[in-house]
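Colleague: I'm new to this one and would like a close look at a single part of it. Could you take me there, then show me what else is around?

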Amino acid sequence: MKNELKNQLRQQDATALAQGYSPAIRAMEIASIVSFIGLESALVWRLWGNAHTGPWLVLSALLLGYLAADFVSGLVHWMGDTWGATDMPVLGKAFIRPFREHHVDEKAITRHDFVETNGNNCLVSIPVAILAVALPHTSASWVFVSAFLGAMIFWVMATNQFHKWSHMDEPPALIGFMQRVHLILPPEHHRIHHTAPYNKYYCITVGWMNKPLAMIGFFPAMERLITWATGAIPRKDDIGTEAALELFEATAAAEPPVVQAAKELLEATTADEPKPVSPVRPS
Ligand SMILES: [Zn+2]
Ligand SMILES: [Zn+2]
């Protein structure tokens, strides 16, 4: 009997580990959230009493921070989706697996509570929060840098929450409104990423950076650079070697949309031939 119980316990533990979510990780997440809120509050308190702080400085820091967080969310998401394998030591279970799982079971995120949703991003933001609080707030530039960093990590913290809401069938009314006016990540916008082969629209804070990054072919260019440097094939672990290779060859030949658009514009302006008149169709 005792042995049976022991086996069961070990099994449960193994399952928790396989999912990358154990009581120890949860405790660390709670500690991260508490530390993050403490540091952000300290930053607000420091900035509040500073003579250089004004409404325009705060507004521009919040807006630039939002764009920066959106970009960072895209970059990290792209790394998690594209490189490495779930069976890699340490990184595989803790970092890569959730990204792969999210493409297979995209509703899992809606079942995560506040701590599981937001703990990770609080943890990675803590060093930046310490830096923002510790900066010498002696000039307007320093105060701006500090406010920008504080705003950026605030939006980084909010990213998983916005992402989670975009996967909910019925988000709260106010959230639904903010999604419709595209102030946070709208579900139909994020759907573009969830379409196989999952190789575009990685930004998941608000998604404002997705279109510009797609236009300049940012992620395909980064992938070519990394493949050239390391020989690794992007998305091999996510969609399988065959599909990944095929996709890689197809995107390697493609030009970024902005180059295509420029070429089309150039052709349109240099073409002096009048357009052929379309024949009148008999009714
Ligand atoms: Zn993804
Ligand atoms: Zn998603």
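Colleague: Which loop is Arg-235 found in?

Modeller: Keep in mind that this is a predicted model. Arg-235 sits in the loop between α10, which covers residues 218-230, and α11, which covers 236-239. Its backbone deserves a look, too: phi of Arg-235 is near 65 degrees, a positive value in a residue that is not glycine. And is Arg-235 buried or exposed? There are 20 other C-beta atoms within 10 Å of Arg-235, and 20 or more is the cut-off for buried, so Arg-235 counts as buried.

To place that loop, step back to the whole chain. It has 283 residues, and 26% of them count as buried. You'll find 13 helices and 0 strands, so don't hunt for a sheet, given that strands are DSSP runs and the chain has 0 of them. As for how far to trust the picture, the pLDDT averages 86 over the chain, with 88% of the residues scoring at least 70. The stretch to treat with care is residues 5-14, where the pLDDT is below 50 and the model shows 0 contacts beyond near neighbours in sequence. Elsewhere there is plenty of long-range contact to follow: among contacts between residues at least 6 apart in sequence, 68% join residues at least 24 apart.

Now move back along the chain to another loop, the one between α8 (187-191) and α9 (210-215), where you'll meet Pro-197. The peptide bond running from Ala-196 into Pro-197 is cis, with omega near 5 degrees. Tyr-201 is in the loop between α8 and α9 as well. Like Arg-235, Tyr-201 is a non-glycine residue with a positive phi; for Tyr-201 the value is about 55 degrees, and for Arg-235 it is near 65 degrees. Tyr-201 is also buried, with 23 other C-beta atoms within 10 Å.

From there, go to helix α3, residues 55-82, which holds Ser-73. Ser-73 has 26 C-beta neighbours inside 10 Å, so it counts as buried. Setting aside neighbours within four places in sequence, the residues Ser-73 contacts are Thr-159, Cys-203, Ile-204 and Thr-205. Ser-73 and Gly-207 are 134 residues apart along the chain, yet their C-alpha atoms are separated by 9.3 Å. His-77 is in α3 too, and with 20 C-beta neighbours inside 10 Å it counts as buried. Not counting residues up to four places away, His-77 touches Tyr-202 and Ile-204, and Ile-204 is among the contacts of Ser-73 as well. The C-alpha atoms of His-77 and Ile-96, 19 residues apart along the chain, are separated by 9.7 Å.

There's a record to set beside this. UniProt, in an unreviewed entry, places the feature "transmembrane region" at residues 56-79 and 140-158. In the model, residues 56-79 are 100% helix, and the end C-alpha atoms of that span lie 34 Å apart. Residues 140-158 are also 100% helix, with 27 Å between the end C-alpha atoms.

That second span brings you to α6, residues 140-166, which packs against α5, residues 114-134. Their axes are 9 Å apart and the angle is about 175 degrees, which makes α5 roughly antiparallel to α6. On the α5 side, the residues in contact include Asn-118, Ser-125 and Val-128; on the α6 side they include Leu-149, Ile-153 and Thr-159. By class, the contact of α5 with α6 has 9 nonpolar, 9 polar and 1 charged residues. Thr-159 is worth remembering, as it is one of the residues in contact with Ser-73.

Ala-140 is in helix α6. It has 14 C-beta neighbours inside 10 Å, so it counts as partly exposed. Ala-140 and Leu-57 are 83 residues apart in sequence, but 8.6 Å apart in space, C-alpha to C-alpha.

One last stop is Ile-25, in helix α2, residues 23-48. With 17 C-beta neighbours inside 10 Å, Ile-25 counts as partly exposed. Ile-25 and Glu-116 are 91 residues apart in sequence and 9.3 Å apart in space, C-alpha to C-alpha.

Notes. Residues are numbered from 1 along each chain as its sequence is written. Chains are lettered from A and ligands numbered from 1 in the order in which they are written. This is a predicted model: local features need pLDDT of at least 70, side-chain atom pairs count only at pLDDT 80 or more; totals for chains, interfaces and linings use all residues. pLDDT is the predictor's confidence in each residue, from 0 to 100. Two residues are in contact if their C-beta atoms, placed from the backbone, lie within 7 Å. Helices (H or I, at least four residues) and strands (E, at least two) are DSSP runs, numbered from the N terminus. A residue is buried if 20 or more other C-beta atoms lie within 10 Å of its own, exposed if 12 or fewer, and partly exposed in between; C-beta atoms are placed from the backbone. UniProt positions are given in the numbering used here, feature names are shortened, and annotations may be inferred rather than shown by experiment. Axes are lines fitted to C-alpha atoms, for helices over the stretch in contact, and angles run from 0 to 180 degrees between N-to-C directions. Angles under 35 degrees count as roughly parallel, over 145 as roughly antiparallel, 65 to 115 as roughly perpendicular and the rest as oblique. Ala, Val, Leu, Ile, Met, Phe, Trp, Tyr, Cys and Pro count as nonpolar, Asp, Glu, Lys and Arg as charged, and the others, Gly among them, as polar.
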